[in-house]
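This report describes selected helices in a predicted model. The sequence and structure are shown first.

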Amino acid sequence: MKSTSIALLSFTILIFTGCGSNKVAHTTIINTDKSQTSQLDSKSINKKQAHAHPSINKAQQKEFLTRINQVRSERRSCGKYGSMGPVEPLVWSNKLYEAAYAHSYDMAKSRHFSHDGSGSRNDRVAVDMGLGHGSNLRDRMSYTDYRWRAIGENIAAGQQSTQEVMEAWLRSDEHCKNLMSERFTEVGMAYYQLNEQFQQPYWSQNFGRSM
């Protein structure tokens, strides 16, 4: 099953694909106006909610980053985008990780799969920012005070391991393009799973190039 929607902001692409219980989706936003402020003033955001997420442990961070950079170190076919890479390795960003974790948490708690947040109390970014809608990728970058030239996001649900989710993303032309893009220099990746027995993991992978 496939559905596609395209909207232009500076340059935005949203693509959703799903197969059975495993789903993947991607978005890319490129800020073409270098003089434009890409986000709200973080001081105006009221982070009143207690964010009880643990810091990612070093082993998980290393696993995510190693796998991502192994992918980028090889030349590979991204389908309709042709051959890409090899490209420079990415460095870890705690701000991108925080945004990724917040979105995975919201998707898992709300049973909601989209680049837009649920808009419920689980969408902590939307609540703390006082948004009248679910948070989007730009909102999550503002929330973590990540000041960017380019950002991108891969999300997925149902894959049970880092290897499995990376393979799912690489089977999609658009997700492969995000992973192999030389526009990005940083990455943060997270997942959230309410119950290992009864619920699928929800994954978020955020890419960025900071200002």
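## Burial of helix 2

Of the 17 residues of helix 2, 12 are buried, so the rest of the structure largely encloses this helix. Buried here means under 20% relative accessible area. The buried positions are L96, Y97, A99, A100, Y101, A102, H103, S104, Y105, D106, M107 and A108.

The cover over these buried residues includes both helices and strands. Among the helices are helix 3 (124-129) and helix 4 (137-143). The strands include strand 6 (91-92), strand 7 (148-157), strand 8 (186-192) and strand 9 (202-210).

## Length and ends of helix 2

Helix 2 covers residues 94-110. With 1.5 Å a residue, its 17 residues should span 24 Å, and the C-alpha atoms at its ends are 24 Å apart, so the two values agree.

At the N-terminal end, S93 acts as the cap of helix 2. A side-chain oxygen of S93 lies 3.3 Å from the backbone nitrogen of K95. After helix 2 comes R111, which has a positive phi, near 50 degrees.

## Packing of helices 5 and 6

Helix 5 (residues 162-170) packs with helix 6 (residues 173-180) at an angle of about 110 degrees, and their axes are 6 Å apart. Helix 5 is therefore roughly perpendicular to helix 6, because angles of 65 to 115 degrees count as such.

Helix 5 contributes M166, W169 and L170 to the contact, while helix 6 contributes H175, C176 and L179. By class, this contact has 5 nonpolar residues, 1 polar residue and no charged residues.

Methods
Residues are numbered from 1 along each chain as its sequence is written. This is a predicted model: local features need pLDDT of at least 70, side-chain atom pairs count only at pLDDT 80 or more; totals for chains, interfaces and linings use all residues. Side-chain values use heavy atoms; hydrogens and water are left out. Axes are lines fitted to C-alpha atoms, for helices over the stretch in contact, and angles run from 0 to 180 degrees between N-to-C directions. Helices (H or I, at least four residues) and strands (E, at least two) are DSSP runs, numbered from the N terminus. Angles under 35 degrees count as roughly parallel, over 145 as roughly antiparallel, 65 to 115 as roughly perpendicular and the rest as oblique. Contact means heavy atoms within 4.5 Å. Ala, Val, Leu, Ile, Met, Phe, Trp, Tyr, Cys and Pro count as nonpolar, Asp, Glu, Lys and Arg as charged, and the others, Gly among them, as polar. The expected span of a helix is 1.5 Å times one less than its number of residues. Buried means under 20% relative accessible area, exposed over 50%, partly exposed in between (1.4 Å probe, protein chains only). A polar contact is a pair of N or O atoms within 3.5 Å; within protein, one must be able to donate a hydrogen and the other to accept it, and residues adjacent in sequence count only if both atoms are side-chain atoms.
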